[in-house]
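Thanks for coming. I will take a few local features one at a time, and you can follow along on the screen.

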Amino acid sequence: MRKDSNLDVLTKGILKENPVLVLILGTCPTLATTGTVDGAVGMGLAALAVLLCSNVFISLLRNIIPETMRIPCYIVIIAGFVTIVKLFVQAYLPDLYATLGVYLDLITVNCIILGRAEMFASKNPVVKSALDGIGMGIGFTIALTAMAIVREVLGNATFAGNSIAFLEPYKISFLTKAPGGLLVYGLLIALVYVITKGKAPLKKSFSCAGCPNAATCHTACTEKGDEQ
Amino acid sequence: MFKTLIIILLSSVFVDNYVLSRFLGICPFLGVSKKLDQATGMGIAVTAVMLLACAVTWPIQYFVLNALNMGYMQNIVFILVIAALVQMLELLLKKFSPSLHKGLGVYLPLITTNCAVLGVAINNINDGFTFIESIVSALGVGLGFLLAMVLFSGLRTRIHDANVPAPFRGLPVTLIAASFISLAFMGFGGIVENIFK
C-alpha cells in the first residue's frame, strides 16, 4: 500500500478515483436518481452521510471483526446507518423522501459503500477512513449532480425545478426517462476518458476487479474467463 | 384475482422491467452479460433467489416485524435474511447437486448484495401485495431480468466485433447499447393495462 497524505486521500475520490465515473461503482442509484437535480443532490448527500459513518465505524472495529465474517458485519453496520439516515430524511425532508423512495433503502447495497469498507476502511486508521468517506461521497455527489444537470436541463428545460424559458421548445424529453440515463452515463464516461487522455483505469474497472464482491467470488470471474 | 396476477406478471416482465426501466441490478447486467450461457445462468439464479427471498421476507414483514411494531428494522432484517439465504442455497447446491452448483452456484455470491433482490422484496411490501401477488411479482421481475440479460448478451457479441472509437470502447458503448434496448422496452408502456379492457 503506498503512502498517501491525508489531502491525497480526501481529493482522490473527487476526480482521480471518482467512484461513479472512474471506478464505475454504484451504477444503480446513479442512473435512477439523476432525472432531477434535487434527487441527485439528495441521493449524493445521503450516501455521503452513510459512507462517512460506516467508514469510521468499520475502521474503529477493523481489528475486532473476524476476517471470515467481515462481509456480513459490514452489511449490518451499513444497513444500520442507512436506516438512521432514512428516518432522518423521512422526518425532516419529506419531499426528498418521496422522490428517492426505495432507492434510499437501497443505499444498503450500494457498491460504493461496501467497496470502500472492503478496500479502504478495513485497512486504514480512523481519520484516513473518514477523509476517504468524505472524498468519495463528494465525488459521488458531483458525478450525480453533473449527470442530473445534463438530463434535467436538456430533457425537461428546468434546473432544480426552475424553468429555463429559452430551452423550452427544444427539450429532449427522453433524457429524463430510463434510456436517457444510460445514454448520458455512457457519454459522460467517454468524456472523462477524453479529459484524462485514457489514463483512467477504465478497462480494468469494468470487469469484476471493480466489484466489491470480487473478494467473495473468485469462481464467477476468473474461471469462466472475463476477458474484455 | 387471476387477471390481477397476470397483469402483475406481465407488467413486471415488460413495462416495469427492473433493469431497463427501474435501474436495479445494473452491475450484474453489465458485468455478466458478455456470453449467452453466463447471462442465462445468472438470470436463472437471480430468478430463483428472488422467489425464495420474497417467499421468506413477506411472512417476516407481516408476522414478525409488523406484529412487534418494528417496521423500521425492515432494511437490516431483509438484507441479513437474503444474505443468509443465498449462502445456504449455495451450500445446499454444493452438497446435493454439484452439477447444478457448477452451472448456477458460481453466480450466487454475486447476488448477495444485488439491489434488484432487496428492491423487489421491499417494493412488494411497499405496494401492499398479498403473499401470492408478491410471489408472482418476484417471478415476473426475475423473468424480466433473464429476458434483459439474454437480449443484451446477443447485442454485446455484436459490439465485441465492432470497430468502436477509442473513448467509447468498453463501458460507454455498452451503456449506449443498453439505452437503445431500454428505449425499445419503453414501447411496452401502457400496453398491459389495456390488454384486459
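In helix H7 of chain B, the buried residues are Cys115(B), Ala116(B), Val117(B), Leu118(B), Gly119(B), Val120(B), Ala121(B), Ile122(B), Asn123(B), Asn124(B) and Ile125(B). Keep in mind that this is a predicted model. With 11 of its 12 residues buried, H7(B) is largely enclosed by the rest of the structure.

What covers the buried residues of H7(B)? From chain B, the cover includes helix H3 (36-65), helix H4 (74-96), helix H6 (108-111) and helix H8 (131-161). Chain A contributes as well, with helix H2 (27-32) and helix H6 (102-105) among the covering elements.

On geometry, H7(B) runs over residues 115-126, and at 1.5 Å a residue its 12 residues should span 16 Å. The end C-alpha atoms are 16 Å apart, which agrees. After H7(B) comes Gly128(B), with a positive phi near 70°.

The other helix I checked this way is H8 of chain A, residues 126-156. How far apart should the ends of its 31 residues be at 1.5 Å a residue? The expected span is 45 Å, and the end C-alpha atoms of H8(A) are 43 Å apart, which agrees. Just after H8(A), Ala157(A) has a positive phi of about 55°.

That brings me to positive phi values in the loops of chain B. Phe23(B) is a residue other than glycine, and its phi is positive, near 55°. Phe23(B) sits in the loop between helix H1 (2-15) and helix H2 (26-31) of chain B. Is Phe23(B) buried or exposed? Its relative accessible area is 3%, and the cut-off for buried is under 20%, so Phe23(B) counts as buried.

Asn69(B), also not a glycine, has a positive phi near 60°. Asn69(B) belongs to the loop between H3 and H4 of chain B. Here the relative accessibility is 69%, and exposed means over 50%, so Asn69(B) counts as exposed.

The last residue is Ser179(B), in helix H9 of chain B, which covers residues 171-186. Ser179(B) is buried, at a relative accessible area of 1%. Which residues does Ser179(B) contact, leaving aside neighbours within four places in sequence? They are Pro179(A), Leu182(A) and Leu183(A). So for this residue, as for H7(B), chain A belongs in the picture.

That is what I have; I will take questions now.

Conventions:
Residues are numbered from 1 along each chain as its sequence is written. Chains are lettered from A and ligands numbered from 1 in the order in which they are written. This is a predicted model: local features need pLDDT of at least 70, side-chain atom pairs count only at pLDDT 80 or more; totals for chains, interfaces and linings use all residues. Side-chain values use heavy atoms; hydrogens and water are left out. Helices (H or I, at least four residues) and strands (E, at least two) are DSSP runs, numbered from the N terminus. The expected span of a helix is 1.5 Å times one less than its number of residues. Buried means under 20% relative accessible area, exposed over 50%, partly exposed in between (1.4 Å probe, protein chains only). Contact means heavy atoms within 4.5 Å.
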